[in-house]
Amino acid sequence: MSDVKESLLAEIEADRRKSIAHWRGSDRTPQYLVDHLLNVSRYSCCFSKKIRMEVAGELIGLLHDLGKYSEDFRCYLHSALDLINPDEDDYVDAGALRGKIDHSSAGAQFIWQILSTRGERESVIGQLLALCIASHHSGLIDCLDPEGSDVFGKRMKKPEEKTHLEEVRSCADPEILARARALLESPELIAETKNLLSALRLQEKNSRPLLQQVGLTVRFLFSCLIDADRIDTANFEQKKVAANRPQGDYVPWSVLIERLEKALAEFVPRHPIDHLRQKISVECKNAAARSAGIYTLTVPTGGGKTLASLRFALHHAERRKLDRIIYVIPFTSIIDQNAKVVRDILEPDGFPQDRGKVVLEHHSSVTPEKQTWREKMLCENWDAPVVYTTMVQLLETLFGSGTRGARRMHQLANAVLIFDEIQTLPIRCVHLFNNAINFLNEQCNSTVVLCTATQPLLHKVAVNQGAIHLAEGHEIVSDVRQLFADLKRVEIIDQRRPNGWSYPEIADLARAEVARVVSCLVIVNTKDAARQIFLASQALVDAESLFHLSTDMCPMHRKSELAKIKSRLESGLPTLCVSTQLIEAGVDVDFGAVIRSMAGLDSIAQAAGRCNRNGKSAQGQVHLVNPSDEHVTLEYLKDIAIGRDKVASVLDFFRETPERYEHDLLGPQALADYYTHYFFERQKDMVYPVSPKEAKAIGRNDSLLSLLSENGLSLAEAGREGEQISTRLLNQSFMSAADAFKAIDSPAQGVVVPWGKAGTDLIGRLHGAYDISLEGELLREAQQFTVNVFPHVFDKLSKAGALHAIKEGVRIFSLDPWYYSKQFGLATEPVSLMETLNV
C-alpha cells in the first residue's frame with residue numbers, strides 16, 4: 001500500500017467524521033459524509049422554501065444518506081476504492097455488493113419512529129419525509145402496491161441488520177444528529193404540517209383531487225432532495241460544473257423587459273393584421289399586473305401569442321418577484337422556432353455568457369429515462385430564467401418514473417408557466433394535469449397561462465375528478481368574439497365525399513391550388529399518407545417547388561426544409577408542401593391555400609392558421625378532405641379518429657344553421673360545441689385508465705388518477721390480504737403508477753442521425769468523447785440531430801444492424817447513413833446509394 005494511501009486511510013480511520021460519501025477518482029479526493037449531508041440539507045431547505053416547508057426540506061437533506069455511517073457501507077466503499085488491502089478481514093467484494101447496501105432506510109426510519117407516535121399531523125409529515133428519503137435512489141416507492149401489500153409499512157419495519165439504524169445512531173457525526181433532533185422538535189415543522197393540511201383541506205379525505213395534491217406535495221419535496229443531492233455530488237465530482245452553475249444568479253427581469261420592449265418598439269407593421277397583434281400584446285402587458293392565478297389567452301392562430309405571452313410573463317415575473325418563466329410546447333418542431341425568436345431578443349449579439357444562458361431548451365433527449373449515474377449527471381435541471389420544454393417533459397416531471405424527471409419539479413414553483421397550444425394535452429391526462437396545475441398555482445405560487453386559438457373546456461370537466469380552477473376574469477384578451485371576427489382570414493370548404501379521396505386525387509387538388517394561388521399546404525394525419533401524397537405529387541409539379549415534412553426527419557433537417565419553404569413563400573414562388581400535423585402548431589408559414597385531412601376542429605383551426613396568415617388576400621381557402629385509405633391506420637390513432645367523427649356533426653350542423661356559429665366554423669361557439677361533444681365522448685379516458693395488458697405490474701383495470709389519490713382497489717386488496725392499514729393519509733401506488741405512465745406512453749428512444757456533414761461530424765465527436773462535461777454539451781447539440789423512434793421501429797433497426805452504440809454500457813445510439821433519406825428522414829429499409837451521397 002502506498003504511503004499516500006496509508007496516510008489517507010489513517011486520517012479516515014482516526015475520526016468517524018471522516019466517513020466518506022463520494023470519491024473523486026481524478027485526484028483521489030474524498031467527500032466526507034458530514035459535508036455532503038450539510039450541503040444537501042442547505043440546498044434542499046432553499047428549494048423547499050418555495051412551498052413554505054423549509055424545515056422539512058432541511059431534514060430530508062440532512063438524513064437522506066444517514067445509512068452511509070454504517071460499518072457495512074464503510075467496508076463496501078473502502079473496498080471499492082482500493083483503500084483496504086484484499087487480505088484484510090474487513091475487505092468485501094464491492095462488485096457483488098454494488099447497490100445492495102441499504103443506506104436510505106436508516107434516515108427514513110429515524111424520522112418515522114419519532115414522528116409517527118406523536119399524533120395525526122406529525123404522522124402525516126413523518127410519512128411524507130420518510131417516503132422521500134427511502135425513495136431517493138429508486139424513485140418514489142409505493143405506499144400500498146396494487147396487490148394491497150403495505151410497502152411503506154414494511155420498509156419502516158425493515159430489521160436492524162439491514163438498515164443499521166441503531167448502529168448509525170451511535171456513530172453518526174454528532175453535529176448531524178443534534179441538528180436533526182432540533183428540527184424534529186421545532187414548532188416550525190409542526191406549523192408547516194398544519195399549514196399544508198389546512199391549505200389542502202384534508203378533512204375531505206375521499207376527494208381525489210385533494211389526495212392527488214398530497215401526493216404532489218411528496219413529489220415536490222422529493223424533487224428538492226433529488227436536485228440537492230445531484231447538485232452537490234456534481235459540484236464535488238466535476239469542479240467545472242460547479243464553477244459554471246448559475247444557481248439563480250440570472251440577468252434581472254428589468255433588463256430582459258427592456259430588451260423586449262425595445263424590440264417591440266422597433267417593429268414596423270407591414271400588414272393590417274399586425275395592428276391587431278400589437279393590440280393583443282398591449283393587453284397582455286396590462287394583464288401582467290394581475291395576481292397569481294390560472295389564466296387563458298385565447299387568440300386565433302397568427303395573433304402573435306409567442307411575444308405577447310412573453311410580454312405578460314416578463315412583466316408578471318418582475319412584479320411578483322418570481323424565479324423563472326417556463327414555456328411548455330406540444331411539439332419539438334415548434335420549440336426550435338419559438339425559442340430562437342425569444343433568444344434573439346433576450347440574448348442579443350455580444351450578450352455576456354458569464355451569468356449563464358437566458359433561454360434554455362430542454363426537449364427530446366437522446367438518453368433514455370432509465371439512466372446510469374453517469375447519464376444522470378448530464379440531465380438538465382431547468383436552471384435558467386426562461387425555459388422551453390415540451391408537454392412530454394412536463395408530464396414526465398409531474399408523473400414519470402425514476403428520479404430524472406422528478407428532479408425538476410421544484411423549478412415549477414414561483415414561476416410563470418405558459419402552456420402553448422394547450423388543446424394538444426393528451427386526453428387521458430386531463431384530470432391528472434388539472435389537479436397538478438391547481439397545485440402549482442395554489443400551493444407553489446405559480447401563475448399559469450393556457451394559450452391557444454381553440455381553448456379546451458378544462459374547467460368544465462368532472463369536478464370530483466379534477467377540473468382546473470380558472471381565475472375570476474381569467475381571459476386576458478378583453479373581447480374574444482370580436483377578436484376572432486377581426487382575425488377571420490379563411491373560408492372552410494367542406495369537400496368530404498361519400499367514398500373519400502384517393503391520395504392521387506388529393507395531390508391533383510393540391511396542384512390545382514398551386515396553380516390558382518401559387519402555394520398550397522397539405523396536412524394529413526399519418527406519415528404514410530404524407531409520403532404517398534408527396535410521391536403522387538412528384539409527377540404534377542416541379543421538383544424544386546415540392547417539399548415533405550414529418551417527425552422522421554431530425555429537427556435540423558426540418559429547419560432546413562422550412563427555411564427553403566419560407567424563402568419561396570416570401571418570394572412568391574410556386575410551393576407545395578405535404579406534411580404531417582407537426583406543422584400545425586406554432587410554425588410561422590403563410591400559404592395561399594391549405595388542404596386538411598379530416599381531424600378534430602382544433603386541428604382544423606390550427607391548419608387554417610397556416611393559410612393567409614398575414615391577411616395578404618381577402619379570404620384564404622381551407623379544403624377539408626376525407627382520404628379513403630387513411631382509416632386503415634387511424635384505428636391506432638384514437639384521439640384523431642374520435643375528433644374526426646365529432647367534427648363531422650359540427651360540420652353538418654353548420655351547413656344547416658350557420659347563424660348559430662355566427663357564420664364562423666372556427667369561432668368560439670363552434671369550438672365550444674365541438675369540445676362539449678368530444679369531451680363527453682372521452683370522459684372515461686380522462687382518468688388515465690390502465691389495463692393488465694398495458695401495465696402488468698398493476699394486473700387489473702384501474703386508473704392512474706385512482707392510484708395517485710385514494711387508491712381504493714389497492715386498499716380493498718389490503719383488507720383481503722389481512723394488511724392492517726391505519727387511517728394513514730398516504731396510500732398511493734406512486735411507483736406502480738409512474739411505471740404504468742411510462743408503459744402506456746410507449747416511450748420513444750432518441751437516435752442520432754447523420755443528416756448532412758454536421759450530423760456526421762457530431763456522431764464522430766460523440767463516439768470519441770470521454771469528458772463528461774463535454775458530453776453534456778454534445779448531447780444538447782445532438783438534440784437537433786435526433787429522431788425519436790418507437791420500440792417496434794427501434795427493434796427493426798437493431799435487427800438490421802442500422803444502430804451503433806455511442807458508448808459502451810450507455811443507451812445512446814447513432815444511425816447508419818444507409819437508413820436516412822434526404823426526402824423522408826429515418827427509414828427502416830436502406831435508402832439508395834445516390835440519395836445517401838447527396839444528403
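Which residues of α23 are buried? They are Tyr503, Ile506, Ala507, Leu509, Ala510, Glu513 and Val514. Bear in mind that this is a predicted model.

## Helix α23: one face in, one face out

Look down the axis of α23 and the buried residues fall within an arc of 160 degrees, so they line one face of the helix. The general pattern behind this is familiar: an α-helix has 3.6 residues a turn, so residues three or four places apart point the same way. Turned away from the buried side of α23 is a face that carries the exposed residues Pro504 and Ala515.

The length of the helix works out too. α23 covers residues 503-517, and at 1.5 Å a residue its 15 residues should span 21 Å; the end C-alpha atoms are 21 Å apart, which agrees. Just past the end of α23 comes Val518, with a positive phi of about 80 degrees.

And what sits over the buried residues of α23? The cover includes the helix α24 (527-537), along with β10 (519-523), β12 (575-579), β13 (593-597) and β14 (620-625).

## Strand β10: covered on both sides

One of the elements covering α23 is β10, and this strand is itself well wrapped. Five of its five residues are buried, so β10 is largely enclosed by the rest of the structure. Ser519, Leu521 and Ile523 are buried on one side of β10, and Cys520 and Val522 are buried on the other.

As for its pairing, β10 runs parallel to β12, with five bridges joining the two. Cys520 has Leu576 as its bridge partner in β12. β10 also pairs with β13, again in the parallel sense, over four bridges. There, Leu521 is matched with Val594 of β13.

## The nonpolar cores

In soluble globular proteins, nonpolar side chains tend to be buried together. Here, the largest nonpolar core has 227 residues, and those with the most contacts inside it are Phe419 and Phe433. Helix α13 (residues 208-237) supplies the largest share of this core, twelve residues.

Which residues does Phe419 touch once its neighbours within four places in sequence are left aside? Its contacts are Val328, Met391, Leu394, Phe433, Ile437, Val448, Val449, Leu450 and Cys451. Apart from the largest core lies another one, of 21 residues, including Ile533, Leu546, Val578 and Phe824.

## Cysteines without disulfides

How many disulfides does a search of the whole structure find? Zero. Take Cys132: its nearest cysteine sulfur belongs to Cys224 and is 8.4 Å away. With the cut-off for a disulfide at 2.5 Å between sulfur atoms, Cys132 is in no disulfide.

Cys132 is also buried, with a relative accessible area of 0%. Cys429 counts as buried as well, at 1% relative accessibility.

## Far in sequence, brought together in space

Val214 has its place in helix α13. Its relative accessibility is 2%, so Val214 counts as buried, since the cut-off is under 20%. Val214 and Leu730 are 516 residues apart in sequence, yet their C-alpha atoms are 7.8 Å apart in space.

Another pair to look up is Arg811 and Gly750, with their positions 61 residues apart in sequence and 9.5 Å from C-alpha to C-alpha. Arg811 lies in strand β20 (residues 810-815). Is Arg811 buried or partly exposed? Its relative accessible area is 41%, which means that Arg811 is partly exposed.

Notes. Residues numbered from 1 in each chain as written. Predicted model: local features only at pLDDT ≥ 70, side-chain atom pairs only at ≥ 80, totals over all residues. Heavy atoms only, no water. Expected span 1.5 Å × (residues − 1). Buried < 20%, exposed > 50% of the residue type's maximum accessible area, 1.4 Å probe, protein only. Arc of directions from axis to C-beta. Contact = heavy atoms within 4.5 Å. Core = buried A, V, L, I, M, F, W, Y, C linked by side-chain atoms within 4.5 Å. Pairing = 2+ DSSP bridges.
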